[in-house]
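Welcome! Grab a pencil, open the viewer, and work through these exercises at your own pace.

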Amino acid sequence: MLKTSLPPDNSAALEQAVAAVAAAMADPSRVKMLCAMMDGRAWTATELSAAADVAPSTASGHLVRLVEGKLITCLSQGRHRYYRLAGHDVASLVEQMMGLSWSRITPPETTAPKAMREARTCYDHLAGTVAVQIYDFMQAEGWLEADGSALTLYGREQFQALGIPLSAHPRRKACCACLDWSERRFHLGGEAGAALLIYLESKGWIQRVAGYREVVMTASGKSAVQRLFSS
């Protein structure tokens, strides 16, 4: 008989929880909503109904499923209600699901939107070709541990030298290797990834496209990334 690593009661509860998450995501309209919220913003139900191309009444039902599945949270401000991803773990799940699904599209090189492949947000950090390039550089230069799970002492020193603030006691993963859905390689996630995105934006090296995950690299940004993150 096959033995599980969990007691029977816990194993059954885990299986039910996994099934519930899968069921909450098992609809194209709900997936569109989750992908829209990957830009890290809070969205109204009206905006999400447009993003999913469904009627507002239909969108309400989908949003209830996502809230019940603990994939998104609802924020109330006065008369308005806003929806956003429930956290970094949900964003990571959506990103990995996109990567897994993208590998089944043929050929990915011709069907991926070029602008989205170059640079975009992955919840609160940078993704795309540029982000993968930066991650590869950091890995090669010893800024990161081999598995990308942490910055090395040298890496923290380099962040400090660039003027990128990092918390000594972050409330989330200090650093992680996040699988890029279009490149199918890693980019920098965690607190370090979020801090890097803020830094690039504060320098005017990237510009976000309002309402989309797409990020535009400015001319000065392309030059800076080449100068700072190229061997």
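The exercises below go from the whole chain to helix packing, empty spaces and single residues.

This is a predicted model, where local features need pLDDT of at least 70, side-chain atom pairs count only at pLDDT 80 or more, and totals for chains, interfaces and linings use all residues. Residues are numbered from 1 along each chain as its sequence is written, and side-chain values use heavy atoms, with hydrogens and water left out.

**Exercise 1. Describe the protein chain as a whole.**

Step 1: Start with secondary structure. The protein chain has eleven helices and nine strands; these are DSSP runs numbered from the N terminus, with helices being H or I of at least four residues and strands being E of at least two.

Step 2: Turn to burial. Of the 231 residues in the protein chain, 40% are buried (buried means under 20% relative accessible area, exposed over 50%, partly exposed in between, with a 1.4 Å probe and protein chains only).

Step 3: Look at contacts, meaning heavy atoms within 4.5 Å. Among contacts with a separation of 6 or more, 55% join residues 24 or more positions apart.

**Exercise 2. Work out how helix 4 packs against helix 2 and helix 3.**

Step 1: Recall the two quantities to look for. Packed helices are described by the angle between their axes and the distance between the axes. Axes are lines fitted to C-alpha atoms, for helices over the stretch in contact, and angles run from 0 to 180 degrees between N-to-C directions.

Step 2: Take helix 2 (residues 28–36) with helix 4 (residues 56–68): the angle is about 70 degrees and the axes are 10 Å apart. That makes helix 2 roughly perpendicular to helix 4 (angles under 35 degrees count as roughly parallel, over 145 as roughly antiparallel, 65 to 115 as roughly perpendicular and the rest as oblique).

Step 3: Find the residues that touch. From helix 2 come Ser29, Arg30, Met33 and Leu34, and they meet Ala59, His62, Leu63, Arg65 and Leu66 of helix 4. The residues of this contact are five nonpolar, two polar and two charged (Ala, Val, Leu, Ile, Met, Phe, Trp, Tyr, Cys and Pro count as nonpolar, Asp, Glu, Lys and Arg as charged, and the others, Gly among them, as polar).

Step 4: Repeat for helix 3 and helix 4. Their axes come within 9 Å and cross at roughly 100 degrees, so these two helices are also roughly perpendicular to each other. Helix 3 brings Ala45, Leu48 and Ser49, while helix 4 brings Pro56, Ala59 and Leu63. By class, this contact has five nonpolar, one polar and no charged residues.

**Exercise 3. Characterise the largest cavity and the second largest pocket.**

Step 1: Settle the terms. On a 1 Å grid over the protein atoms alone, a cavity is a set of points where a 1.4 Å probe fits but cannot get out, and a pocket is an open set with protein on both sides within 12 Å along at least five of seven lines; lining residues have an atom within 4 Å of a point. Grid points are joined across faces, edges and corners, and a volume is the space filled by probe spheres set on the points.

Step 2: Examine the cavity. The structure holds one cavity of 30 Å³ or more, and the largest cavity has a volume of about 50 Å³. Its lining consists of Leu126, Ala131, Ile134, Tyr135, Leu188, Gly193 and Leu196. Helix 8 (129–140) and helix 10 (190–202) each supply at least two of these residues, and helix 8 gives the most, with three. The lining has six nonpolar, one polar and no charged residues.

Step 3: Examine the pocket. The second largest pocket holds about 250 Å³ of space. It is lined by 17 residues, of which His88, Ser92, Lys173, Cys176 and Gly190 are the closest to its centre. Helix 5 gives the most to this lining, with five residues. By class, the lining has eight nonpolar, five polar and four charged residues.

**Exercise 4. Place Asp53 and Lys70 in the fold.**

Step 1: Asp53 lies in the loop between helix 3 (45–52) and helix 4, and Lys70 in the loop between helix 4 and strand 2 (72–77).

Step 2: Check the backbone. Asp53 has a positive phi of about 60 degrees although it is not a glycine; Lys70 likewise has a positive phi of about 60 degrees without being a glycine.

Step 3: Check accessibility. Asp53 is exposed, with a relative accessible area of 66%, and Lys70 is exposed, at 67%.
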